[in-house]
Amino acid sequence: MSAIRVPVVEKIFSTNDKIANQNRQNLTDKKVLAINLMASPGAGKTSFILETIKRLQDQFRIGVIEGDTAPVTIDADKIISAGMPAVQINTGGDCHLDASMMGDGLASLPLEDLDLVIVENVGNLICPAAWDLGTHFNLLVASVPEGDDKPYKYPNIYRGLEILIINKVDLQPYVEFKMDYFRHGVEMLNPGLITFPVSCRTGEGMDAWIEWLSKKITDFKNIV
Amino acid sequence: MHELSVTESLLNLALSHANQANATKVIAINIVIGRLSSIVDDSVQFYWDFVTEDSICAGAKLNFDRRPAVLHCADCASDYTIDHDLTPCPKCGGMRTTIISGEEFFLDSIEIEKEAEKIS
Ligand SMILES: Nc1nc2c(ncn2[C@@H]2O[C@H](COP(=O)(O)OP(=O)(O)O)[C@@H](O)[C@H]2O)c(=O)[nH]1
Ligand SMILES: [Mg+2]
Ligand SMILES: [Zn+2]
C-alpha cells in the first residue's frame, strides 16, 4: 500500500466563508446593511456606536451585535438603553467572532425592521481580521492614545478595511501621535482608504461620518 | 489566539477530501502558510494531535510550506522581504508598496492510503 497524493488547494477558512456568504445574502435580501466594527480594547467601539445611533435614530433603525469574550452584557445594555435592539454574543474566551456566531446573532435581531446592523467585534487587532462574518464592510476604530505605529505593526487588519475611523482626536495635544506617520502607514497598506478623524467625546468629525453613512444606507436600499 | 478553531477547520476540510477519495488513512497534510497570515504554525501543530484523535487523520504529519512576506516597491521596482512589521523599501526608502506574497493560508494537498482495490 502506498500513499496517494490528493490535490485540494482550498482555503482553510472555506467553511467559515460559506456561512459568511449565507449571512451576507440573508442581510442583503432584507435590505439591511451590516458593518463589522473592529478595534483594540478601549479604542472607543461602544462609544462610537452610541454616538452613531444618537445621530441616526430619527432616520434609521439600527441593530447591534456585541461580541465579548466573557458573558457580560454591559455594552449590549448601553445600546438597549439607547433604544435600539442589541444581542450579546459570548465567544467563550475566543479572540474573535466567526460567521456562525454572527449567524446566531442575526437570528435574534428583528432584521425585517432594521436598516443597519453594527457588529462590535472582540477587542483585538490580529484575530478578527482573519474571519469574514458576512457583513458588507469592515471598519476599524483606531484611536490616538494607541500610538501612530499600529498600521506598521498590524498590517493585516488595515488591508481589509473599507473605512477607517481615527477616534479620540481630542487627545492629540496630550500624546505623541504623528498623524502624518500614521496615515503614511495606512496609505502603504490600503491606498485611498476612506478615513474619518473623530472624537466621541467632543463630537468633532462625526458629521462627515454620519453624512457618508446615511448616503451609504440609502444607496444600499436602492440598489439591492 | 484562534488556532484551535483554525485547526478544527483544517481537520474538517482534510476529512471531507479524504472521504471523497475513499481514504482509509491520512498520512500527511500539506499546508501553505504565508508570513502575514496571522496563524502560528506551532500552535496548529500543538492542537492537531488533540483534534485528530479517533479520526482517520490521527497521526498524520503536518507539512508547512512557509511563504515569506514579499513587498514590491513602486518607486524603484524592487522586491524585498519583511519579517512582520511593515518597513519601507531598503533600497530607496520608498513607501508606495504592494504585498505580493505572504498572505497565503490554504490546504494544498493531502496524502492518503486506500484499501487495495480488488482486481477482477
Ligand atoms: N478622550 C476621549 N475618550 C474617549 C473617546 N471615545 C471613547 N473614549 C473613552 O474611552 C474609553 C473606552 O471606550 P469604549 O467605547 O468602552 O471602548 P471599547 O472597549 O472599544 O468599546 C471610555 O472611557 C470612553 O469614555 C474620545 O473620543 N475621546
Ligand atoms: Mg465595547
Ligand atoms: Zn524602492
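Which residue places a polar side-chain atom 3.1 Å from an oxygen atom of ligand 1? In this predicted model, that residue is Asn167(A). A second side chain takes part as well: a polar atom of Asp170(A) lies 2.8 Å from a nitrogen atom of the ligand. The backbone also contributes, with a polar atom of Ala43(A) found 3.4 Å from an oxygen atom of ligand 1. On its own, ligand 1 has 590 Å² of accessible area, and the protein covers 74% of it.

Stepping back to the whole shell, 15 residues surround ligand 1. The closest are Lys45(A), Thr46(A), Ser47(A), Asp170(A) and Cys200(A), so Asp170(A), introduced above through its polar contact, appears here again. By class, the shell holds seven polar, five charged and three nonpolar residues. Helix α2 of chain A, spanning residues 45-56, gives the most to this shell, with three residues.

Attention now turns to strand β2 of chain A, residues 33-38. This strand is mostly covered, and six of its six residues are buried. Leu33(A), Ile35(A) and Leu37(A) point one way from β2(A), while Ala34(A), Asn36(A) and Met38(A) point the other way. Such a pattern fits a general rule: in a regular strand, side chains alternate between the two faces of the sheet.

Two strands of chain A pair with β2(A). Strand β5, residues 116-120, runs parallel to β2(A) and is joined to it by five bridges; here Ile35(A) has Ile118(A) as its bridge partner. Strand β6, residues 137-143, is also parallel to β2(A), with four bridges between them, and in β6(A) the partner of Met38(A) is Leu140(A).

Key. Residues numbered from 1 in each chain as written. Chains lettered and ligands numbered in written order. Predicted model: local features only at pLDDT ≥ 70, side-chain atom pairs only at ≥ 80, totals over all residues. Heavy atoms only, no water. Buried < 20%, exposed > 50% of the residue type's maximum accessible area, 1.4 Å probe, protein only. Pairing = 2+ DSSP bridges. Near = heavy atom within 4 Å. Polar contact = N/O pair within 3.5 Å; in protein donor to acceptor, adjacent residues only side chain to side chain. Areas by Shrake-Rupley, 256 points an atom, 1.4 Å probe, with all protein chains shown as cover. Nonpolar A, V, L, I, M, F, W, Y, C, P; charged D, E, K, R; others polar.
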